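Reader: I've got a model open on my screen and a few things I'd like to go through with you. Can we take them one by one?

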Amino acid sequence: MRTEASLGKRYIVKLMSNMASVPLYLAMEAILPRALGPAVYGNFSFSTHLFQQVAGFLDMGSSNFFYTSLSRRPTEF
């Protein structure tokens with residue numbers, strides 16, 4: 001039997017995960033530019049931004065569609 005998680009619990013978990021990722025992101029943004037140097041950091045920033053754009057294009061909303069279709073039929077596994 002499947003138990004349903006409440007909206008409040010899901011919100012708290014998502015909030016906590018976002019709060020945990022903020023210090024990690026800030027530390028990474030403080031350390032990376034100094035460690036890599038201007039030229040290599042520019043290449044790193046360009047390549048990560050390009051990868052995010054390509055991944056977003058290839059996704060084409062399929063993750064949103066999948067989540068929506070699963071939400072419509074909560075009894076199916």
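Reader: Is Phe57 buried or exposed?
Author: Keep in mind that this is a predicted model. Phe57 sits in helix 2, which covers residues 38-59. A residue counts as exposed when its relative accessible area is over 50%. Phe57 has 57%, so the call is exposed.

Reader: Which residues join Phe57 in a nonpolar patch on the surface, and about how much accessible area do they have together?
Author: The patch has Phe57 along with Phe46, Leu50, Val54, Leu58 and Met60. Patch members need over 30% relative accessible area, and Phe57 passes that with its 57%. Together the patch residues have an accessible area of about 690 Å².

Reader: What is unusual about the phi of Met60, and where is that residue found?
Author: Most residues other than glycine have a negative phi. Met60 goes the other way, with a positive phi of about 50° although it is not a glycine. As for its place, Met60 is in the loop between helix 2 and helix 3 (62-72).

Reader: And is Met60 buried or exposed?
Author: The cut-off for exposed is over 50%. Met60 comes in at a relative accessible area of 63%, so this loop residue is exposed.

Reader: Let's turn to the largest pocket. What is its volume, and which helix gives the largest share of its lining?
Author: The volume of the largest pocket is about 150 Å³. Helix 1 (7-36) and helix 2 each supply at least two lining residues. The largest share, six residues, comes from helix 2.

Reader: Which residues line that pocket, and how many of them are charged?
Author: The lining is made up of Met28, Glu29, Leu32, Tyr41, Phe44, Ser45, Thr48, His49 and Gln52. Sorted by class, that gives four nonpolar and four polar residues, and the number of charged ones is one.

Reader: What about Gly37: buried or exposed, and how far in space is it from Asn64?
Author: Gly37 lies in the loop between helix 1 and helix 2. Its relative accessible area is 17%, and buried means under 20%, so Gly37 is buried. Gly37 and Asn64 are 27 residues apart in sequence, and in space their C-alpha to C-alpha distance is 38 Å.

Reader: Last one: how far apart in space are Ala27 and Gly56?
Author: Ala27 lies in helix 1 and is partly exposed, at 34% relative accessible area. Ala27 and Gly56 are 29 residues apart in sequence, and C-alpha to C-alpha the distance is 25 Å.

Methods. Residues are numbered from 1 along each chain as its sequence is written. This is a predicted model: local features need pLDDT of at least 70, side-chain atom pairs count only at pLDDT 80 or more; totals for chains, interfaces and linings use all residues. Side-chain values use heavy atoms; hydrogens and water are left out. Patches are made of residues with over 30% relative accessible area and no salt bridge: like charges are joined within 9 Å, nonpolar side chains (Val, Leu, Ile, Met, Phe, Trp, Tyr) within 5 Å. Accessible areas come from the Shrake-Rupley method with a 1.4 Å probe; for residues, only the protein chains shown count as cover. A salt bridge is a side-chain nitrogen of Lys or Arg within 4 Å of a carboxyl oxygen of Asp or Glu. Helices (H or I, at least four residues) and strands (E, at least two) are DSSP runs, numbered from the N terminus. Buried means under 20% relative accessible area, exposed over 50%, partly exposed in between (1.4 Å probe, protein chains only). On a 1 Å grid over the protein atoms alone, a cavity is a set of points where a 1.4 Å probe fits but cannot get out, and a pocket is an open set with protein on both sides within 12 Å along at least five of seven lines; lining residues have an atom within 4 Å of a point. Grid points are joined across faces, edges and corners, and a volume is the space filled by probe spheres set on the points. Ala, Val, Leu, Ile, Met, Phe, Trp, Tyr, Cys and Pro count as nonpolar, Asp, Glu, Lys and Arg as charged, and the others, Gly among them, as polar.
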